[in-house]
Amino acid sequence: MCIRDSKTAWNVKSGKSSLEEWLCPGCPHIASLAALKKAIKGCEQNTLIVVGGGCIRRVAPKILGEKVLAVGGSGLGFACGLASSFDGLVIVLTSDGAFFGDGLNGLANIICKGLKCLVVICDNKVYGEFSRLPSPSSGYNLLTTGVAIDVERVVKGLKAGFVKTVNPV
């Protein structure tokens, strides 16, 4: 049994707290966050990090530190507003489920306005916060096999200036 709150996951049986207990088995989010932390080392002073919906919101502050703004709704929409009035770099982290659920409009506005944002979409093909239901990028739904929606093609279709897909593991 695992008791969860906004700051930690505590395993009652083992008496230990761990990041892995917040994530699905094999989830690449820890590797993605560690790579991002390494990439922004030295330029944190003029950088805002916004984490939107999804399970990544629970672990990002533990890896990236306390300077992470975790929002319950669309991190992309929130970051759009921040980037409009901030001179530095705004980094937005979102999950694939949150991206398809409420992030597309935020990303469209970021691109349309030419805002200075680095958007990281962590695609593990499931809604981790919802009993690991398949996300639109998986190609599955509850009843049958559907069509997998490619996150990279969607972002390129919105005319994002730079798009790169990486595998952190």
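## A walk from a surface loop to the largest pocket

Let's start out in a loop: leucine 143 sits between strand 9 (133–134) and helix 5 (151–157). Keep in mind as you look around that this is a predicted model. Leucine 143 counts as exposed because its relative accessibility is 85%, and the cut-off for that label is over 50%. Leucine 143 has company, too. Together with Leu133 and Leu142, Leu143 makes a nonpolar surface patch of about 380 Å².

Now step back and take in the whole chain. The protein has five helices and nine strands. If you read along the sequence, they come in the pattern β-β-β-α-β-α-β-α-β-α-β-β-β-α. There are 169 residues in the protein, and buried ones make up 36% of them.

For a look at some of those buried residues, go to helix 2, which covers residues 56–64. Its buried residues are Ile56, Arg58, Val59, Ala60, Ile63 and Leu64. Yes, there's an arginine on that list: Arg58 is buried along with the others. Right after helix 2 comes glycine 65, with a positive phi near 100 degrees.

Next up is helix 4, which runs over residues 96–113. Isoleucine 111 has its place in this helix. Is it buried or exposed? Neither, as it turns out: isoleucine 111 is partly exposed, because its relative accessible area is 23%, and buried would mean under 20%. While you're at isoleucine 111, find cysteine 80 as well. The two are 31 residues apart in sequence, and their C-alpha atoms are 9.3 Å apart in space.

Helix 4 also leads us to the last stop, the largest pocket. The volume of the largest pocket is about 1,100 Å³, and 33 residues line it. Which parts of the chain supply at least two residues each to that lining? Helix 1 (29–39), helix 4, strand 7 (117–122) and helix 5 each do. Strand 7 gives the most, with six residues.

To find the middle of the largest pocket, look for Val119, Val120, Ile121, Lys164 and Thr165, the lining residues that lie nearest its centre. As for the chemistry of the lining, 23 of its residues are nonpolar, while five are polar and five are charged. And since helix 5 is among the elements that supply the lining, you've come back to the helix at one end of the loop where leucine 143 lies.

How values were computed
Residues are numbered from 1 along each chain as its sequence is written. This is a predicted model: local features need pLDDT of at least 70, side-chain atom pairs count only at pLDDT 80 or more; totals for chains, interfaces and linings use all residues. Side-chain values use heavy atoms; hydrogens and water are left out. Buried means under 20% relative accessible area, exposed over 50%, partly exposed in between (1.4 Å probe, protein chains only). Helices (H or I, at least four residues) and strands (E, at least two) are DSSP runs, numbered from the N terminus. Patches are made of residues with over 30% relative accessible area and no salt bridge: like charges are joined within 9 Å, nonpolar side chains (Val, Leu, Ile, Met, Phe, Trp, Tyr) within 5 Å. Accessible areas come from the Shrake-Rupley method with a 1.4 Å probe; for residues, only the protein chains shown count as cover. A salt bridge is a side-chain nitrogen of Lys or Arg within 4 Å of a carboxyl oxygen of Asp or Glu. On a 1 Å grid over the protein atoms alone, a cavity is a set of points where a 1.4 Å probe fits but cannot get out, and a pocket is an open set with protein on both sides within 12 Å along at least five of seven lines; lining residues have an atom within 4 Å of a point. Grid points are joined across faces, edges and corners, and a volume is the space filled by probe spheres set on the points. Ala, Val, Leu, Ile, Met, Phe, Trp, Tyr, Cys and Pro count as nonpolar, Asp, Glu, Lys and Arg as charged, and the others, Gly among them, as polar.
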